[in-house]
Amino acid sequence: MTVRSIAVLGAGIMGRGIAYVSALGGFQTVVQDTSAPALEKMSDDLSAMLERGVATGKVDDAAAIAARGRLSTARSLEDAVRDADLVIEAVPEDIGLKVGVFAALDRAARPSAILASNTSSLSVTEMAAATSRPRQVVGMHFFNPVPRMKLLEVVRALETGDETIATACAVGEQMGKECVVVRESPGFVTTRINALIGNEAFTMLQEGVASARDIDRALKLGLNHPMGPFELMDLVGLDTRLSILRFLHRTLGEKFRPCPLMEQYVAAGRLGRKTGRGVYDYSES
Ligand SMILES: NC(=O)c1ccc[n+]([C@@H]2O[C@H](COP(=O)([O-])OP(=O)(O)OC[C@H]3O[C@@H](n4cnc5c(N)ncnc54)[C@H](O)[C@@H]3O)[C@@H](O)[C@H]2O)c1
């Protein structure tokens with residue numbers, strides 16, 4: 001199937017990034033959000049991102065102008081998806097919310113449209129079950145920040161058709177991504193491995209194996225990780241990481257039991273950059 005137009009639901013951190021790579025990739029792109037301020041902020045942010053892209057030589061002038069021309073916004077889901085060949089859902093990580101959105105999408109989108117979710121851990125099969133087209137439902141897991149991260153994890157739910165997987169990969173490539181296809185399983189590949197690394201780093205901190213700074217330095221200098229595990233957890237949010245670990249512990253078993261020190265940090269409100277303190281202190285910056 002050839003995709004020409006894409007609707008993105010949710011204009012948050014991820015929706016914004018997906019809209020950016022979609023418009024630059026040549027797709028007509030409409031973004032919908034239930035919050036008017038979020039939509040407004042997204043339009044400003046996208047203009048700023050395109051300007052920065054031109055200023056740093058990553059995007060040429062003509063491509064930025066063309067991308068801006070392909071971007072539009074919509075307040076209602078129905079208006080956003082009416083003409084879309086592909087819908088990418090990027091609303092908050094809440095299964096009840098996502099299932100409701102997929103049921104509404106199934107009613108409003110063209111029968112031929114593919115419906116994708118950007119979930120980082122939840123069951124795409126459960127979302128597909130809310131529709132009458134489970135063969136056309138797929139996971140398209142982008143990474144933050146979307147313009148910079150090369151990977152697209154394409155998630156095959158129980159009934160996803162081969163043609164849907166092929167289309168999701170072709171769209172990802174046109175957006176400049178490299179695709180890895182994974183069978184649906186809790187945390188897919190990346191979230192599952194990352195959760196273990198972060199939890200193990202916390203266990204080492206709790207045991208006094210090394211300081212947080214030195215654990216971060218060791219992984220950066222010795223294993224070539226671009227960020228240390230604590231730097232990354234502070235960026236993502238310790239509460240988010242803890243809720244993913246609890247989900248993986250429930251679904252995959254004992255090796256994902258959250259480290260007690262991480263539980264304690266979250267209980268203390270040390271959630272990372274967003275609260276000014278996580279593993280590190282950001283109150284001065
Ligand atoms: N933040 C990350 O690093 C990251 C990385 C990969 C995947 N994800 C996944 O992407 C999804 C979105 O995450 P985010 O970080 O962009 O969230 P976010 O909170 O920044 O943005 C979510 C947006 O969705 C809007 N929204 C809420 N309900 C809606 C609805 N019914 N219809 C339309 N819009 C609605 C909100 O107003 C908000 O603007 C989640 O499933 C998350 O797990 C996030």
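Into which domains is the protein chain divided? Here are my notes, with the reminder that this is a predicted model.

1. **Domains.** The protein chain splits into domain 1, covering 5–183, and domain 2, covering 190–275. Going by C-alpha atoms, the centres of domain 1 and domain 2 sit 28 Å from each other.

2. **The cores.** The largest nonpolar core has 56 residues, and Leu86, Val87 and Val138 are the ones touching the most other members. Helix H1 (residues 13–24) is the top contributor to this core, giving 7 residues. Apart from it there's another core, this one of 22 residues, including Phe202, Met233, Leu248 and Val279. If you want to click around the largest core, try leucine 86: beyond its neighbours within four places in sequence, leucine 86 contacts Val3, Ile6, Ala113, Ile114, Ala116 and Val171.

3. **Strand E6.** This is a good strand to look at next. E6 runs over residues 137–141, and 5 of the 5 are buried, so the rest of the structure largely encloses it. Side chains in a regular strand alternate between the two faces of the sheet. In E6 both faces are covered: Val137, Gly139 and His141 are buried on one side, and Val138 and Met140 are buried on the other.

4. **Who pairs with E6?** Which way does E6 run relative to E5, parallel or antiparallel? E5 and E6 are parallel, joined by 3 bridges. Leucine 115 has valine 137 of E6 as its bridge partner. With strand E7 (residues 151–156), E6 pairs in the antiparallel sense, over 3 bridges. There, methionine 140 is matched with valine 154 of E7.

5. **Methionine 140.** This residue belongs to strand E6. Is methionine 140 buried or exposed? The cut-off for buried is 20 or more other C-beta atoms within 10 Å; methionine 140 has 26, so it counts as buried. Setting aside residues up to four places away in sequence, methionine 140 touches Ile88, Ala116, Asn118, Leu152, Val154, Ala168 and Gly172. Alanine 19 is 121 residues from methionine 140 in sequence, yet 13 Å from it in space, C-alpha to C-alpha.

6. **Helix H5.** H5 takes in residues 95–108, 14 residues in total, and its first and last C-alpha atoms are 20 Å apart, close to the 20 Å expected at 1.5 Å a residue. Its buried residues are Lys98, Val101, Phe102 and Leu105. Looking down the axis, these buried residues of H5 fall within an arc of 100°, so they line one face of the helix. Gly96 and Arg107 are exposed on the other side of H5. What do the buried residues of H5 pack against? Their partners are strand E1 (5–9), helix H4 (77–81), strand E4 (86–89), strand E5 (114–117) and helix H6 (124–128).

7. **Helix H7.** H7 (residues 162–174) has 13 residues, which should span 18 Å at 1.5 Å a residue, and its end C-alpha atoms agree at 18 Å apart. Thr164, Thr167, Ala168, Val171 and Gly172 are the buried residues in H7. They take up an arc of only 135° around the axis, which puts them on the same side of H7. The face turned away from that buried side carries Asp162 and Glu163, both exposed. The buried residues of H7 pack against E4, E5, E6, E7 and strand E8 (178–183). Just after H7, glycine 176 has a positive phi of about 90°.

8. **Backbone oddities.** Most residues other than glycine have a negative phi, and most peptide bonds are trans. These spots deserve a look with that in mind. The bond from asparagine 144 to proline 145 is cis, with omega near -5°, and proline 145 sits in the loop between E6 and E7. Phenylalanine 188 has a positive phi, near 50°, in the loop between E8 and helix H8 (190–207). Asparagine 224 also has a positive phi, near 65°, and is found in the loop between helix H9 (212–223) and helix H10 (229–236).

9. **Surroundings of those positive-phi residues.** Why does phenylalanine 188 count as buried? Phenylalanine 188 has 21 other C-beta atoms within 10 Å, and the cut-off is 20 or more. Asparagine 224 has 7 C-beta neighbours inside 10 Å, so it counts as exposed.

Notes
Residues are numbered from 1 along each chain as its sequence is written. This is a predicted model: local features need pLDDT of at least 70, side-chain atom pairs count only at pLDDT 80 or more; totals for chains, interfaces and linings use all residues. Helices (H or I, at least four residues) and strands (E, at least two) are DSSP runs, numbered from the N terminus. The expected span of a helix is 1.5 Å times one less than its number of residues. A residue is buried if 20 or more other C-beta atoms lie within 10 Å of its own, exposed if 12 or fewer, and partly exposed in between; C-beta atoms are placed from the backbone. The arc is that of the directions from the helix axis to the C-beta atoms. Two residues are in contact if their C-beta atoms, placed from the backbone, lie within 7 Å. Domain bounds come from an automatic or database domain assignment. A nonpolar core is a set of buried Ala, Val, Leu, Ile, Met, Phe, Trp, Tyr and Cys residues joined through C-beta atoms within 7 Å. Two strands pair if DSSP finds at least two bridges between them.
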